[in-house]
Amino acid sequence: MELSTFERQYLKGLAHGIDPVVMIGNQGLSEAVMREIAINLDAHELIKIRVLGDDRDARVAMYERICDELGAAPVQHIGKLLVLWRPSDKQRIVLPKSKKALKAAP
């Protein structure tokens, strides 16, 4: 799933005030962790994930794997935080249609 620049910018703004809902520990991406991420994406659409560990390449690989397997869009990877978005059946977040709509959004 690909997001345009202004959609990503809008989601980053929304994500700023939320706390991580899932932590990926030393065991990495187990089935249980993937299931928990999927549950939280269904419940919230926009989530933060904290990844423990100092290996940046491993975090990038996890980020890509989560997005591929769960059909989520990567919003932001900053430090040890990953921000993901996936629309749910009960659409809670409506993305702006254009950059102009982004500026008009509250």
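Colleague: Let's start with Asn26, which sits in the loop joining E1 to H2. Why does Asn26 count as exposed?

Modeller: Happy to explain, with the reminder that this is a predicted model. The relative accessibility of Asn26 is 74%, and exposed means over 50%, so Asn26 counts as exposed. In space, its C-alpha is 8.8 Å from that of Val51, although 25 residues separate the two in sequence.

Colleague: And Arg92, what makes it partly exposed?

Modeller: Its relative accessibility is 46%. Buried needs a value under 20% and exposed one over 50%, so Arg92 counts as partly exposed. Arg92 belongs to the loop between E4 and helix H4 (99–104).

Colleague: Which residues does Arg92 touch, not counting those up to four places away in sequence?

Modeller: Asp42, Ala43 and Glu45. To be touching, two residues must have heavy atoms within 4.5 Å of each other. Leu46 lies 46 residues from Arg92 in sequence, with 9.3 Å between their C-alpha atoms.

Colleague: You mentioned Glu45. How do you know that Glu45 is buried?

Modeller: Its relative accessible area is 0%. The cut-off for buried is under 20%, so Glu45 qualifies. This residue is in the loop between H2 and E2.

Colleague: What is the phi of Glu45?

Modeller: It is positive, about 70°, and Glu45 is not a glycine. Most residues other than glycine have a negative phi.

Colleague: Glu7 is an acidic residue too. Why is Glu7 called buried?

Modeller: The relative accessible area of Glu7 is 17%. That value is under the 20% cut-off, so Glu7 is buried. You will find Glu7 in helix H1 (residues 5–15). Beyond its neighbours within four places in sequence, Glu7 is in contact with Glu2, Leu95 and Pro96.

Colleague: Now the interior. Which residues have the most contacts inside the largest nonpolar core?

Modeller: Ile24, Leu29, Ile37, Ile49, Ile66 and Leu84, in a core of 19 residues. Two or more core residues come from each of strand E1 (22–24), helix H2 (31–44), strand E2 (46–51), helix H3 (56–70) and strand E4 (81–85). In soluble globular proteins, nonpolar side chains tend to be buried together.

Colleague: What is Leu29 in contact with, leaving aside neighbours within four places in sequence?

Modeller: Its partners are Ile24, Met34, Ile37, Met62, Arg65 and Ile66. A second, separate core has 10 residues, among them Leu3, Ala73, Val83 and Ile93.

Colleague: Stepping back, what pattern does the protein chain follow along the sequence?

Modeller: The order is α-β-α-β-α-β-β-α, made up of four helices and four strands.

Colleague: What makes the protein chain as compact as a globular protein of that length?

Modeller: Its radius of gyration is 14 Å, and the globule rule gives 13 Å for 106 residues; the two are close, so the chain is as compact as a globular protein of that length. Along the principal axes, the C-alpha atoms fill a box of roughly 45 × 25 × 25 Å. Of the 106 residues, 39% count as buried. Among contacts with a separation of 6 or more, 69% are between residues 24 or more positions apart.

Colleague: And the charges: how many positive and negative side chains are there?

Modeller: There are 16 positive and 14 negative ones, with 9 Å between the centres of the two sets. The chain exposes about 6600 Å², of which carbon and sulfur atoms supply 51%.

Conventions: Residues are numbered from 1 along each chain as its sequence is written. This is a predicted model: local features need pLDDT of at least 70, side-chain atom pairs count only at pLDDT 80 or more; totals for chains, interfaces and linings use all residues. Side-chain values use heavy atoms; hydrogens and water are left out. The radius of gyration is taken over C-alpha atoms; the globule rule is 2.2 Å times the number of residues to the power 0.38. Buried means under 20% relative accessible area, exposed over 50%, partly exposed in between (1.4 Å probe, protein chains only). Accessible areas come from the Shrake-Rupley method with a 1.4 Å probe; for residues, only the protein chains shown count as cover. The place of a charge is taken as NZ of Lys, CZ of Arg, CG of Asp or CD of Glu. A nonpolar core is a set of buried Ala, Val, Leu, Ile, Met, Phe, Trp, Tyr and Cys residues joined through side-chain atoms within 4.5 Å.
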